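Reader: I am new to reading protein structures. Could we go through one together, feature by feature?

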Amino acid sequence: MWVYQLSHYNLHFAGGFQENIFCQQTERKPATTGSVKTGMTMTEKILARASDKPEVTPGDNVWVNVDVLMTHDIGGPASFGVFKEQFGQKAKVWNPEKIVIIPDHYIFTADERANRNVDVLRDYCSEQNIKYFYDIKNRGNFGANPDYKGVCHVALAQEGHCRPGEVLLGTDSHTCTAGAFGQFATGIGTTGAGFVLGTGKLLLKVPPTLRFVMDGEMPSYLLAKDLILQISTVIYTLWLISVSWMSHIIGEISVAGATYKTMEFVGTTVECLSMEERMTLCNMVVEADGKNGVIPADKTT
């Protein structure tokens, strides 16, 4: 039995999960910290910490201190251009150790114009002494090349840049993937990234939260991708639905079902997912037009 608890929506979904005897249901109560007297969601807690405020509520506009900024060979050059235009040609970034640059889109193409983007990254990282620039100079056999870190979202995780409770912004819509590690992660534009490069801050609106409580054992023939696709359909329809998993009815993705909302995933089903499966859940949040996806950190994280 799945139960999706959404703020402002009385929506439930009944599915064909079996009772799970291996994952214990945990009690979840609103937590308060210090002088805070109002319960906050996980995303609200992270943004409150990052904005040096005791509490925040959905709709608040807050200046957030960024822990990690990621860009790549698509968004990087334009972001650097904004930075130099607004802060000066010889300006220095706010913190060269909090910027992660990963060439992953054009790095293996033979097109010289596309590779020019990678050259721009190299020049900028050298100029700014960026610590975490995952360059690839030998393009002969990238499969055996230890310098090749793969797609930026995977590289961020494998290189230790995804940490619970932090704020990670990136010039890629699927930056929300990192929410699987219990952090606030979302994609931003090159204008925003240029501003972050110079200040380490960004003005963000606190999103409301859609909280999905999923309990039960997921059948072996289903994957995390099936799970998020079905959730997207539930958000889209906004009424009670019953589906037989044996018929593999996944449905279609909503393009606006979670517009500028946090999608928070909890429950015994989620607790039993691997990190790769959790990353899949959070990665697909943007396909429902969500602001970010997040899963509480635990021993698996």
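Reader: What share of the residues of the protein chain count as buried?

Author: First, a caution: this is a predicted model. Burial is judged by relative accessible area, with under 20% as the cut-off. Here the protein chain has 301 residues, and 49% of them count as buried.

Reader: How many helices and strands does the protein chain have?

Author: Eight helices and 13 strands. To see how they are brought together, look at contacts between residues 24 or more positions apart. Among contacts with a separation of 6 or more, such pairs account for 72%.

Reader: Let us take one helix. How many residues of helix α1 are buried?

Author: Count residue by residue. Helix α1 spans residues 42-50, and seven of its nine residues are buried. The helix is mostly covered. The buried ones are Met42, Thr43, Glu44, Ile46, Leu47, Ala48 and Ala50.

Reader: What covers the buried residues of α1?

Author: Look for strands in contact with them. The cover includes β3 (61-65), β7 (167-170) and β8 (184-187). It also includes β12 (262-266) and β13 (292-294).

Reader: And what happens just after α1?

Author: Check the backbone angles there. Asp52 takes a positive phi of about 60°.

Reader: Where else should I look for a positive phi?

Author: Try two loops. Tyr260 is not a glycine, yet its phi is positive, about 45°. Tyr260 lies in the loop between β11 (241-242) and β12. With a relative accessible area of 28%, Tyr260 is partly exposed. The other case is Asp289, again a residue other than glycine, with phi near 70°. Asp289 sits in the loop between α8 (275-283) and β13. Its relative accessibility is 33%, so Asp289 counts as partly exposed.

Reader: Now pairs of helices. At what angle do the axes of α2 and α5 cross?

Author: Think of each helix as a line, then compare the lines. Helix α2 covers residues 76-87 and helix α5 residues 190-199. Their axes come within 8 Å and cross at roughly 55°. The two helices are therefore oblique to each other. The crossing is right-handed.

Reader: Which residues make the contact?

Author: Take one side at a time. From α2 come Ala78, Ser79, Phe80, Val82, Phe83 and Phe87. From α5 come Thr190, Thr191, Ala193, Gly194, Phe195, Leu197, Gly198 and Thr199. Then sort them by kind: eight are nonpolar, six are polar and none is charged.

Reader: I see aromatic residues there. How many aromatic pairs does the structure hold?

Author: Six. To read a pair, check the distance between ring centres and the angle between planes. Start with Trp63 and Phe195: their centres are 5.7 Å apart and their planes are at 35°, so the pair is tilted. Trp63 belongs to strand β3 and Phe195 to helix α5, so this pair ties together parts 132 residues apart in sequence.

Reader: Are Trp63 and Phe195 buried or exposed?

Author: Neither label fits. Trp63 has 46% relative accessibility and counts as partly exposed. Phe195, at 32%, also counts as partly exposed.

Reader: What about the pair of Phe80 and Tyr124? How far apart are the ring centres?

Author: Those centres are 3.7 Å apart, and the planes are at 5°, so the pair is stacked. Phe80 lies in helix α2 and Tyr124 in helix α3 (residues 112-128), so the pair ties together parts that are 44 residues apart in sequence. Now check burial. Phe80 is buried, with a relative accessible area of 3%. Tyr124 is buried too, with a value of 3%.

Reader: Which residues form the aromatic cluster?

Author: Pairs can link up into a group. Here Trp63, Phe80, Phe83, Phe87, Tyr124 and Phe195 form one aromatic cluster.

Reader: One last stop, a loop residue. Where is Ile188 found?

Author: In the loop between β8 and α5. A loop residue can still be checked for burial. Ile188 is buried, with a relative accessible area of 14%.

Reader: With which residues is Ile188 in contact?

Author: Leave aside neighbours within four places in sequence. Ile188 is then in contact with Leu69, Leu169, Gly170, Thr171, Asp172, Ala193, Val196 and Leu202. You can also compare C-alpha positions. Ile188 and Thr71 are 117 residues apart along the chain, and their C-alpha atoms are separated by 9.8 Å.

Definitions and conventions:
Residues are numbered from 1 along each chain as its sequence is written. This is a predicted model: local features need pLDDT of at least 70, side-chain atom pairs count only at pLDDT 80 or more; totals for chains, interfaces and linings use all residues. Side-chain values use heavy atoms; hydrogens and water are left out. Axes are lines fitted to C-alpha atoms, for helices over the stretch in contact, and angles run from 0 to 180 degrees between N-to-C directions. Helices (H or I, at least four residues) and strands (E, at least two) are DSSP runs, numbered from the N terminus. Angles under 35 degrees count as roughly parallel, over 145 as roughly antiparallel, 65 to 115 as roughly perpendicular and the rest as oblique. A crossing is left-handed if the near helix is turned anticlockwise from the far one by less than a right angle, and right-handed if clockwise. Contact means heavy atoms within 4.5 Å. Ala, Val, Leu, Ile, Met, Phe, Trp, Tyr, Cys and Pro count as nonpolar, Asp, Glu, Lys and Arg as charged, and the others, Gly among them, as polar. Buried means under 20% relative accessible area, exposed over 50%, partly exposed in between (1.4 Å probe, protein chains only). Rings of Phe, Tyr and Trp (its six-membered ring) pair if their centres lie within 6.5 Å; planes under 30 degrees apart count as stacked, over 60 as edge-to-face and the rest as tilted.
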